[in-house]
Amino acid sequence: MTSRRRTLHLALLMLSLCGCGEGEPVMLEAVAADCASATPQRLGRLPPGGMVLNAYFLQEEAARDVRRGLPESPVVEEVLAKAAALGVVALRTNGHNDAPEKRGDSAIQIAPLQYDEVAWRGLDRVLTRARAHGVRLVLTLGNYWDAYGGARQYVEWAGLIAPVQGDPRFFTDPTVIALYKEHVARTLERVNTEDGIRYGDHPGVLAWELLNEPRGRGLDAQGAQLRAWIDDVAREVKTRAPGHLVGTGEEGFEPSPDGYDAAYWSRVGTSMLRTPGSSFTRNTASPYIDFASVHFYPESWGLDGAGTAEAGARWIREHAAIASALGKPLFVGELGLKNEGALDLSQRRALYRGWLECMRVSGVGAGSLWMFANDARPDAWDAHTFYFRDGTRPEDPINRYADLVMEAAGAVVR
């Protein structure tokens with residue numbers, strides 16, 4: 001199928017299965033153009049358009065097993081084995097755990113620069129076993145949100161008053177920045193107790209992300225303060241892990257319409273693109289950042305109608321074009337549709353299949369659906385869960401999207 005025919009087919013598929021009819025304000029040709037062919041980009045040594053899975057919980061599962069004295073971690077083994085079977089080349093997971101409620105359980109940092117060795121050994125095990133399964137890791141170094149400690153925890157540790165979720169002082173206060181950089185340094189200098197390899201040299205690591213979903217709320221509108229923080233922390237990571245890729249972990253927001261179809265995003269009515277305080281373009285241009293990062297959650301961002309298919313295609317294509325112009329690949333680090341949202345399973349599958357194809361033809365370096373779970377993890381733990389359940393084939397509806405992942409990865413069903 002030619003590139004032109006492929007994009008037209010993709011657009012027809014997405015429009016027909018997403019409830020988009022003759023009243024759709026943007027015509028088929030415009031949607032097709034959003035997935036026009038571009039030069040394939042590589043995320044490190046991954047194949048162009050490689051598939052990654054999100055499974056954020058591996059360290060805590062492994063830490064609990066280490067604490068119980070178990071020689072292996074069944075959940076870690078299950079997730080890694082199934083990822084490999086689906087043809088996935090990397091997993092994105094937590095490389096941090098600062099949660100105060102998980103102290104004595106799985107929290108790694110239990111007080112400022114004080115660590116629980118057993119919890120550290122959980123991450124040691126994840127790194128070692130990922131390498132054994134031939135799956136590399138994209139590791140987040142911290143979180144903007146309160147889960148697993150977050151920015152609020154560092155602001156509190158620094159003794160600042162009234163810390164809040166996503167506290168902007170995380171990015172600007174010298175004491176907080178120094179604390180976070182020192183923790184990053186200690187993480188990258190840790191020597192794995194299972195294989196003797198320093199984290200900053202570990203072949204199981206594909207990339208480090210500076211923070212999961214950093215936002216610029218409370219910072220200067222144009223994103224200069226966040227960019228300064230990115231330069232500072234990313235420089236530290238590159239110094240201590242020179243052979244690994246570094247990304248921001250951001251969602252792709254922009255205070256300026258430059259490089260985007262401003263009229264389209266204004267018509268859609270979402271404010272998510274035009275979000276002050278963080279600039280995707282400015283951040284990606286950092287000399288210490290190796291790849292661009294975006295996430296996409298249309299329902300959470302107010303994009304849940306007939307235009308969802310086109311919005312996703314534009315989000316992917318426009319960010320990929322900006323990243324390519326800066327000489328860097330794009331990683332779509334999280335892509336999520338709610339299992340109990342307005343869309344049924346067939347509609348969600350159509351959207352995912354279309355967006356995954358759009359990533360491929362738009363030259364995206366790698367993409368990852370949120371969120372892949374082990375069989376015992378309940379649906380209720382996350383609104384976007386999917387599986388590859390024991391004893392089933394990937395295309396079984398109980399798995400939701402496993403076959404789409406396999407298709408996108410170019411794997412052979414076994």
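## Nonpolar cores

A nonpolar core is a set of buried Ala, Val, Leu, Ile, Met, Phe, Trp, Tyr and Cys residues joined through side-chain atoms within 4.5 Å. In this predicted model, the largest such core holds 100 residues. Leu91, Phe170 and Trp229 touch the most other members. Helix H12, residues 308–325, gives the most to this core, with 8 residues. A second, separate core has 11 residues, including Val52, Ala90, Val138 and Leu245. In soluble globular proteins, nonpolar side chains tend to be buried together.

Leucine 91 has a long contact list once neighbours within four places in sequence are left aside. Val52, Leu53, Ala55 and Leu58 are among its contacts. So are Val79, Leu80 and Ala83. Val135, Arg136, Leu137 and Val138 complete the list.

## Overall build

The protein comes to 14 helices and 10 strands. Of its 414 residues, 58% count as buried. Its accessible surface is about 15,200 Å², and 54% of that belongs to carbon and sulfur atoms. Contacts reach far along the chain: among those between residues at least 6 apart in sequence, 74% join residues at least 24 apart.

## Helix H4 and its surroundings

H4 spans residues 74–85. Its 12 residues reach 16 Å from first C-alpha to last, close to the 16 Å expected at 1.5 Å a residue. The buried residues are Val75, Val76, Glu77, Glu78, Val79, Leu80, Lys82 and Ala83. Charged side chains thus appear in that list beside nonpolar ones, with Glu77, Glu78 and Lys82 among the buried residues.

These buried residues pack against two strands, E1 (50–54) and E2 (90–94), and two helices, H3 (58–67) and H5 (117–133). Glycine 87 follows H4 and has a positive phi, near 85°.

## The H3–H5 crossing

The two helices that pack against H4 also meet each other. The axes of H3 and H5 come within 7 Å and cross at roughly 120°. The crossing is right-handed.

From H3, the residues in contact are Leu58, Gln59, Ala62, Ala63, Asp65, Val66 and Arg67. From H5, they are Val118, Ala119, Arg121, Gly122, Leu123, Arg125 and Val126. An α-helix has 3.6 residues a turn, so residues three or four places apart point the same way.

## Unusual backbone geometry

Most residues other than glycine have a negative phi, and most peptide bonds are trans. Tyrosine 148 has a positive phi of about 65° although it is not a glycine. Tyrosine 148 lies in the loop between strand E5 (136–140) and helix H6 (150–157). At 12% relative accessibility, tyrosine 148 counts as buried. Alanine 162 also has a positive phi, near 50°. Alanine 162 sits in the loop between H6 and helix H7 (169–172). Alanine 162 is exposed, with a relative accessible area of 60%.

The peptide bond from tryptophan 370 to methionine 371 is cis, with omega near 10°. Methionine 371 belongs to the loop between strand E10 (366–369) and helix H14 (402–409). Its relative accessibility is 0%, so methionine 371 counts as buried. Not counting residues up to four places away in sequence, methionine 371 touches Asn54, Tyr56, Phe57, Arg377, Asp382, His384, Thr385 and Phe386. The C-alpha atoms of methionine 371 and histidine 384 are separated by 5.8 Å, with the two residues 13 apart along the chain.

## Two further buried sites

Tyrosine 199 is found in the loop between helix H8 (174–189) and strand E6 (205–209). Its relative accessibility is 1%, so tyrosine 199 is buried. Leaving out residues up to four places away in sequence, tyrosine 199 touches Trp120, Leu123, Asp124, Leu127, Thr187, Leu188, Arg190, Asn192, Val205, Trp208 and His244. Threonine 187 is 12 residues away in sequence and 7.0 Å away in space, C-alpha to C-alpha.

Isoleucine 322 is in helix H12, which gives the most residues to the largest core. Isoleucine 322 is buried, at 11% relative accessible area. Beyond neighbours within four places in sequence, isoleucine 322 is in contact with Gly259, Tyr260, Phe280 and Thr281. The C-alpha atoms of isoleucine 322 and aspartate 258 are 9.8 Å apart, across 64 residues of chain.

Notes:
Residues are numbered from 1 along each chain as its sequence is written. This is a predicted model: local features need pLDDT of at least 70, side-chain atom pairs count only at pLDDT 80 or more; totals for chains, interfaces and linings use all residues. Side-chain values use heavy atoms; hydrogens and water are left out. Buried means under 20% relative accessible area, exposed over 50%, partly exposed in between (1.4 Å probe, protein chains only). Helices (H or I, at least four residues) and strands (E, at least two) are DSSP runs, numbered from the N terminus. Contact means heavy atoms within 4.5 Å. The expected span of a helix is 1.5 Å times one less than its number of residues. Accessible areas come from the Shrake-Rupley method with a 1.4 Å probe; for residues, only the protein chains shown count as cover. Axes are lines fitted to C-alpha atoms, for helices over the stretch in contact, and angles run from 0 to 180 degrees between N-to-C directions. A crossing is left-handed if the near helix is turned anticlockwise from the far one by less than a right angle, and right-handed if clockwise.
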